[in-house]
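Please look over the sequence and the model shown here before turning to the report. The text is best read with both at hand.

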Amino acid sequence: METASRVELIAKGGLSEVPSQYIQPPDARPNLHNAGDAAQIPTVDLSSSDSAREAIGDACRNWGAFHVINHGVPINLLDRIRALGRSFFQDSPMEEKLRYACDSTSAASEGYGSRMLLGAKDDVVLDWRDYFDHHTFPISRRNPSRWPIHPPDYRQVVGEYGDEMKKLAQMLLGLISESLSLPCSSIEEAVGEIYQNITVSYYPPCPQPELTLGLQSHSDMGAITLLIQDDVEGLQLYKDAQWLTVPPISDAILVLIADQTEIITNGIYKSAEHRAVTNANRARLSVATFHDPSKSARIAPVSQLSPPFYKEVVYGQYVSSWYSKGPEGKRNLDALLC
Ligand code: OGA
Ligand code: NI
């Protein structure tokens, strides 16, 4: 049984200083007075695939991230899952939440948790974040009885949301492939069966945002991530040696290229390095949907883009090393460069 404390409990303690395990080393602390200008993060309109393909190619080359609009996912489903997430984190009593506690000794285990990395208890800086992780694909991993039962439509909405996100992810992987003049199915075939996890992250207000991070700097380890936020800023992208704030756009979905797509595209498209900062006043919520290969999949650059610049990797080994060493930016990917 899990004993790790939740950030929410610390936040509710009303401390004026954060506990020392949450204090980032000076070079990782956010500069909250210079949040940069992220207005230029590209927005791709998916209503026409012809123009979208080109815009996606540019966005993947220059940013590794972009917003999509006219994406076909009902806006009320985005609103519904944000509302359910808020309800779980803000309205359920702690004893109810702890019934869904994840197994903190194994990586990315399903349920309610706070600690992302597996490292020794004392030598990792903790993120100012609580989360709920749902396993949604393949269908054989989907077990809604492990998800909250309140509000009553929680389980159904999470299932529907996962279905819609998977369709969108597949469509995007097709367009991304085509933007490199590859057959539409190339990247999806290189990924193999899609493993999908939906993580709802909750960032309580933090008394010392200048010393902490909601989520440390990383790139996502799988193939493609689809993220929505509420109206509270906090997500930042690293581009041209600067951290830029991603503006919350309620109807749009943020696409983040993840590490396996960087490998498969032989580095022509780079995964997006990102982090979340905290603030002193308002709790923030995001929903990230990860699309990953199976643990046994062997991932390598597609043959059309040779010579390969990355070594082949078994995805499960990539994941284990990520969770034990920590992301520290993109070091796990750098280790695969030929
Ligand atoms: C993640 C992530 C950012 C956010 O869960 O991998 O990057 O805004 N989340 O919560
Ligand atoms: Ni991420």
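The report that follows moves from the metal site to the sheet and then to individual residues.

## Model and annotated region

The structure is a predicted model. An unreviewed UniProt entry places the feature "domain: Fe2OG dioxygenase" at residues 193-293. Over residues 193-293 the chain is 6% helix and 45% strand, with the C-alpha atoms at the two ends lying 6 Å apart.

## The nickel site

The nickel ion (ligand 2) has as its protein donors His-218 through NE2, Asp-220 through OD and His-274 through NE2, which lie 2.1 Å from the ion. Along the sequence, the donor residues follow the spacing H-x1-D-x53-H. Asp-220 belongs to the loop between strand 6 (215-218) and strand 7 (224-229), whereas His-274 is in strand 11 (residues 274-276), so that this pair ties together parts that are 54 residues apart in sequence. Both Asp-220 and His-274 are buried.

## The open sheet

Eight strands make up an open sheet of mixed pairing, in the order 1-2-10-7-12-5-4-3. Strand 1 (43-45) and strand 3 (111-113) stand at its edges with a single partner strand each, and therefore one side of each has no neighbour in the sheet. On average, and with direction ignored, neighbouring strands of this sheet are turned by 25 degrees against each other.

Within this order, strand 7 pairs with strand 12 (residues 284-292) in the antiparallel sense over six bridges, and Leu-227 stands opposite Ala-288 in strand 12. Helix 5 (residues 154-179) lies across strand 2, strand 4 (130-137), strand 5, strand 7, strand 10 and strand 12, and runs at about 130 degrees to strand 7.

## Strand 10 and its partners

Strand 10 (residues 253-257) has five of its five residues buried, and it is therefore largely enclosed by the rest of the structure. In a regular strand, side chains alternate between the two faces of the sheet. Both faces of strand 10 are covered, with Ile-253, Val-255 and Ile-257 buried on one side and Leu-254 and Leu-256 buried on the other.

Strand 2 (residues 65-69) pairs with strand 10 in the antiparallel sense over four bridges, and here Ala-65 stands opposite Leu-256. Strand 7 likewise pairs with strand 10 in the antiparallel sense over four bridges, and the bridge partner of Ile-224 in strand 10 is Ile-257.

## Two buried residues: Thr-199 and Ile-194

Thr-199 is found in strand 5 (residues 195-203) and, at 7% relative accessibility, counts as buried. Its side chain makes a polar contact of 3.0 Å with the side chain of Asp-133. When neighbours within four places in sequence are left aside, Thr-199 is in contact with Arg-129, Tyr-131, Phe-132, Asp-133, Ser-286, Val-287, Ala-288 and Phe-290.

Ile-194 is placed in the loop between helix 6 (186-191) and strand 5, and with a relative accessibility of 4% Ile-194 also counts as buried. Leaving aside neighbours within four places in sequence, the residues in contact with Ile-194 are Phe-137, Pro-138, Lys-166, Gln-170, Glu-188, His-291 and Asp-292. The C-alpha atoms of Ile-194 and Gly-267 are separated by 21 Å, the two residues being 73 residues apart along the chain.

Notes: Residues are numbered from 1 along each chain as its sequence is written. Chains are lettered from A and ligands numbered from 1 in the order in which they are written. This is a predicted model: local features need pLDDT of at least 70, side-chain atom pairs count only at pLDDT 80 or more; totals for chains, interfaces and linings use all residues. Side-chain values use heavy atoms; hydrogens and water are left out. Donors are N, O and S atoms within 2.8 Å of the metal (3.2 Å for Na, K and Ca); water is not among the atoms, so sites may look incomplete. Buried means under 20% relative accessible area, exposed over 50%, partly exposed in between (1.4 Å probe, protein chains only). UniProt positions are given in the numbering used here, feature names are shortened, and annotations may be inferred rather than shown by experiment. Two strands pair if DSSP finds at least two bridges between them. A polar contact is a pair of N or O atoms within 3.5 Å; within protein, one must be able to donate a hydrogen and the other to accept it, and residues adjacent in sequence count only if both atoms are side-chain atoms. Contact means heavy atoms within 4.5 Å. Axes are lines fitted to C-alpha atoms, for helices over the stretch in contact, and angles run from 0 to 180 degrees between N-to-C directions.
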